[in-house]
Amino acid sequence: MKKQVLSCIQPTGEMHLGNYFGAVKNWVDLQAEYDCIYGVVDYHAMTMPYQADKLRQNTWDLIINLMSVGIKPEHLFIQSLIPEHTELSWIFNCMASYGELTRMTQFKDKSLKVKEEAKDSFISAGLFTYPVLQAADILIYRADYVPIGKDQAQHLELSRNIAQRFNHQFKTDYFVLPEMLFTETPKIASTADPTRKMSKSAGDKHWIGVFAEAARITKQIKSAVTDAGDMPLDEATGQREMSEGVTNLLLLLKASGKTAEHDELISQYHAGTLRYGDLKGTVAEALVEMTTPFRERKAELQANKKQVKEQIKASSADIRKTAQQTLREVKQITGLLTAR
C-alpha cells in the first residue's frame, strides 16, 4: 500500500506563484507516489479577523484553484464538513501543555499582525490553540508524512509530541508519529522588492496571480527589479555575485520547468553577456506557457460550479469515514462514550 500524505491550506483568497511553487505544485507531484489527502481548513481561517461571506467564497474559490492546477477532487476535503476534527482537537487540548503553546512562534507573529491590522479586534483563544487543531487535522488520518517547509517544523513536532503523549498515557501505540516530508520548495520573492517574499499583503505589485492574464504576468515580469548596481566578485569562485532580483527571476524560470534555459542564462550571467530584457522575456514566456492551461481549466470548472461542489461534498464525506473511525477508537481508548 502507498504511504499516506496529509497537508492542508487555509482559504485566504487568490493563489499566487509563491503559494503554487512553494506548496501546491509539490502537492500535485506527490499524488503519483502517495495516497494523498488535502484539506481546505476553513476553521483555521477563523482565528484571524474575517467576514463570513468572504470565508465561504474563499473556500470554494480555493477548491476550484486547486483542481485547476491538477489536484484530483477525490483527494480534497473541506474541514468544516468533517466535524470530527474539532472533536478530536478538544481531546488533544487535554494532551497539550500550556507551555508548549506559548512557545509557538507563529502565535507571536500573528498576534502582532492582529494588533497592527485590526486594532479594534482581539486576539482569540483560537489563535493560541490552533496548533492543537492542526495536530488533529494530521493525526485523525494517521498520516505517515506531512510535506512542510522548515518554518513549519515546530507545528509538526507538537503533533508528534501529542501523539507520543497520548500513546504513553493510554499505554498504546495507536497514533502513528508523522514524519516531515521535506521536498524542494522554492522561496519565491516579490519581483518589485526581491528582499521580501511574494505576498498579497504587501500590495498588488508584490505578487503575481497563478490565474492572471498573460498580459498581466508579462507586465509584472518586465518591470521586475534586477541589479541594484554593480555586484561584487565572489571571493571563493572569482565570479560576479548574483543580485537577489536576478536570482529570483532565474528561480521562477527553473520552477516553471525550463531547466535548460535556466542553466544557459546562468552561464550568460557569469560570462557577462546576459541581457536583462532577454531574461525577463524568457521568464514571462515560461510563466505564461505554464499558467495558460490553468486558466483554461479554471474557466471550465467555474462554468460547472454545482458539479464541483457536489464532487467535493462527496469526497469530504468519503474522507470523513476515516475520521469517524479514528474518533470512535480514540473515544474507546480514552474512556469517552460513543453513540454506537
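## Exercises on helices, cores and salt bridges

Helices α1 and α12 are roughly perpendicular to each other (65 to 115 degrees; under 35 is roughly parallel, over 145 roughly antiparallel, the rest oblique). The model is predicted, so local features need pLDDT of at least 70 and side-chain atom pairs pLDDT 80 or more, while totals for chains, interfaces and linings use all residues. Residues are numbered from 1 along each chain as its sequence is written, and side-chain values use heavy atoms, without hydrogens and water.

**Exercise 1. Describe how α1 and α12 pack, and name the residues that make the contact.**

Step 1: Begin with the geometry. The two helices (DSSP runs of H or I, at least four residues; strands are runs of E, at least two; both numbered from the N terminus) pack at an angle of about 80 degrees, with axes 13 Å apart. The axes are lines fitted to C-alpha atoms, for helices over the stretch in contact, and angles run from 0 to 180 degrees between N-to-C directions.

Step 2: Look for the contact (heavy atoms within 4.5 Å). Helix α1 brings Leu17, Tyr20 and Phe21, while α12 brings Leu287, Met290 and Phe294.

Step 3: Follow one residue further. Beyond its neighbours within four places in sequence, Phe21 touches Leu287 and Met290, and its other partners include Pro186, Ile188 and Leu252.

**Exercise 2. Find the largest nonpolar core and the helix that gives it the largest share.**

Step 1: Know the term. A nonpolar core is a set of buried Ala, Val, Leu, Ile, Met, Phe, Trp, Tyr and Cys residues joined through side-chain atoms within 4.5 Å. Buried means under 20% relative accessible area, exposed over 50%, and partly exposed in between (1.4 Å probe, protein chains only).

Step 2: Count the members. The largest core has 55 residues, and Leu17, Tyr20, Phe21, Ile63, Leu66 and Ile221 have the most contacts inside it. Helix α12 (residues 276-302) supplies the largest share, nine residues.

Step 3: Look elsewhere too. A second, separate core has 39 residues, among them Ile82 and Phe92.

**Exercise 3. Which residues of α9 are buried, and which exposed residues does the opposite face carry?**

Step 1: Helix α9 spans residues 214-222, and its buried residues are Ile217, Gln220 and Ile221. These three lie on the same side of α9 because they cover an arc of only 100 degrees around the axis, taken from the directions from the helix axis to the C-beta atoms.

Step 2: Turn to the face pointing away from the buried side, where the exposed Ala215 and Lys219 sit.

Step 3: Check the partners. The buried residues of α9 pack against α10 (244-255) and α12.

**Exercise 4. How far apart in sequence are the partners in the salt bridges Lys25–Asp29 and Lys331–Glu87?**

Step 1: A salt bridge is a side-chain nitrogen of Lys or Arg within 4 Å of a carboxyl oxygen of Asp or Glu. The whole structure has 11 of them.

Step 2: Lys25 and Asp29 meet at 3.4 Å, N to O. They are four residues apart in helix α1 (residues 17-30), so about one helical turn separates them.

Step 3: In the bridge between Lys331 and Glu87, the closest N and O atoms are 2.7 Å apart. Lys331 lies in α13 (residues 305-334) and Glu87 in α4 (residues 84-93), so this pair ties together parts 244 residues apart in sequence.

Step 4: Compare with the accessibility cut-offs. Lys331 is buried at 16%, whereas Glu87 is partly exposed at 33%.
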